[in-house]
Amino acid sequence: IAAGLEIFAARGFEGATTRAIAEKAQVALASLPYHFRTKEALWKAAADYIFGRFAARMSASREKCADSLPREKTRFLLSEYLRFTAESPELLQIVLQEGIAPNPRTDWLVENHIRPNFEYVKSETTRAVESGYGRSGRPEHLYYMMVGSVALPYVVATEFQRLTGTSPTDPELIEAHIEAVLDLFYPEMD
C-alpha cells in the first residue's frame, strides 16, 4: 500500500503501473492480485490509508485543543493540517492527480474523503467569520484557498527546492509557512 501510495501520488492512476508498484514494494508482480484484485482496489487502499492517517492525526489534534478558545483551536488545527501536509504530501498529490479530469476515482474520493473534510472546514470558517476572527468569503473559495496555500510548496517540492534553493520541509521554513498561513486566514485580533 505504501509503495502504491508513492507511485499513485507521483504518477496518477493512469500513469502508475502495477509493475512499478511491485518493484517499489520489492514483491513479485504476481502477488499483487492475491492482495488486490485490481489496480483500482490497490489505489483505493492507498487513498484510504493516507486519508485514514490524516483523520487520525486531526482527531488527536482536536482532542489536544478541545479546551482551547475557538480562535486558538482553529489556528492550531490549521497548523496541524499544514504539518501533516509537509510530512505526507501524497495526501494532496493523489487528490491533485485525480481531480484534473473527470473519472470515477474523483467521485469516490469526494464522497469518501474530501466532502467530510470540506464540511468540517466550512463549519470552522463560518464560525470564525461569525466570531470575528476569520476572513470572510464563500466557504468553497476559502476551502480551496486554504488547501492551496497550505499544500502547494509540499505538493511541488521538487520545483520549490529548485526555485528557492531551500527544501520546503526545512523546519524553519515550515514554521514560517504556518505563521504566514495563519495570519492570512486568522490574523491577529486588534
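The following dialogue explains how to read several features of this predicted model.

Colleague: What should be known about the model before its features are read?

Modeller: The model is predicted, so local features are reported only at pLDDT of at least 70 and side-chain atom pairs only at pLDDT 80 or more, while totals for chains, interfaces and linings use all residues. Residues are numbered from 1 along each chain as its sequence is written, and side-chain values use heavy atoms, with hydrogens and water left out.

Colleague: What counts as a salt bridge, and how many salt bridges are there?

Modeller: A salt bridge is a side-chain nitrogen of Lys or Arg within 4 Å of a carboxyl oxygen of Asp or Glu. By this rule there are 14 salt bridges. One of them joins E80 to R57, with the closest N and O atoms 3.1 Å apart. This pair links distant parts of the chain, since E80 lies in helix α5 (residues 70–87) and R57 in helix α4 (residues 39–64), 23 residues apart. Helices are DSSP runs (H or I, at least four residues) numbered from the N terminus.

Colleague: Is E80 buried or exposed, and which residues share a salt-bridge network with E80?

Modeller: Buried means under 20% relative accessible area, exposed means over 50%, and partly exposed lies in between (1.4 Å probe, protein chains only). E80 is buried, at 8% relative accessible area, whereas R57 is partly exposed, at 21%. A network of salt bridges links R57, E80, R83, E87 and E175.

Colleague: Which residue forms a salt bridge with R75, and where do the two partners lie?

Modeller: R75 pairs with E179, the closest N and O atoms being 3.8 Å apart. R75 is in helix α5 and E179 in helix α10 (residues 171–185), and the pair links parts of the chain 104 residues apart. R75 is buried, with 8% relative accessibility, and E179 is partly exposed, with 39%. A further salt bridge joins the side chains of E72 and R71, at 2.8 Å from N to O. Here E72 is partly exposed, at 40% relative accessible area, and R71 is buried, at 10%.

Colleague: How is a pocket identified, and what volume does the largest pocket have?

Modeller: On a 1 Å grid over the protein atoms alone, a pocket is an open set of points where a 1.4 Å probe fits, with protein on both sides within 12 Å along at least five of seven lines; lining residues have an atom within 4 Å of a point. Grid points are joined across faces, edges and corners, and the volume is the space filled by probe spheres set on the points. The largest pocket holds about 900 Å³. Its lining has 38 residues, of which Y81, L92, N117, Y143 and V147 lie nearest the centre. The elements that each give two or more residues to this lining are α4, α5, α6 (90–99), α7 (104–131) and α8 (139–155).

Colleague: Which element gives the largest share of that lining, and how do the lining residues divide by character?

Modeller: The largest share, 13 residues, comes from α7. Nonpolar residues are Ala, Val, Leu, Ile, Met, Phe, Trp, Tyr, Cys and Pro, charged residues are Asp, Glu, Lys and Arg, and the others, Gly among them, are polar. The lining divides into 26 nonpolar, eight polar and four charged residues.

Colleague: What is a nonpolar core, and which residues touch the most other members of the largest one?

Modeller: A nonpolar core is a set of buried Ala, Val, Leu, Ile, Met, Phe, Trp, Tyr and Cys residues joined through side-chain atoms within 4.5 Å. The largest core has 49 residues, and F8, L78, Y81 and L109 touch the most other members. At least two residues of this core come from each of α1 (2–15), α2 (18–25), α4, α5, α6, α7, α8 and α10. Helix α4 gives the most, with nine residues.

Colleague: Which residues are in contact with L78, and which with L91?

Modeller: Contact means heavy atoms within 4.5 Å. Leaving aside neighbours within four places in sequence, L78 is in contact with M146, V150, V181, L182, F185 and Y186. On the same basis, L91 is in contact with I50, F51, F54 and F84. L91 belongs to helix α6 and is buried, at 3% relative accessible area.
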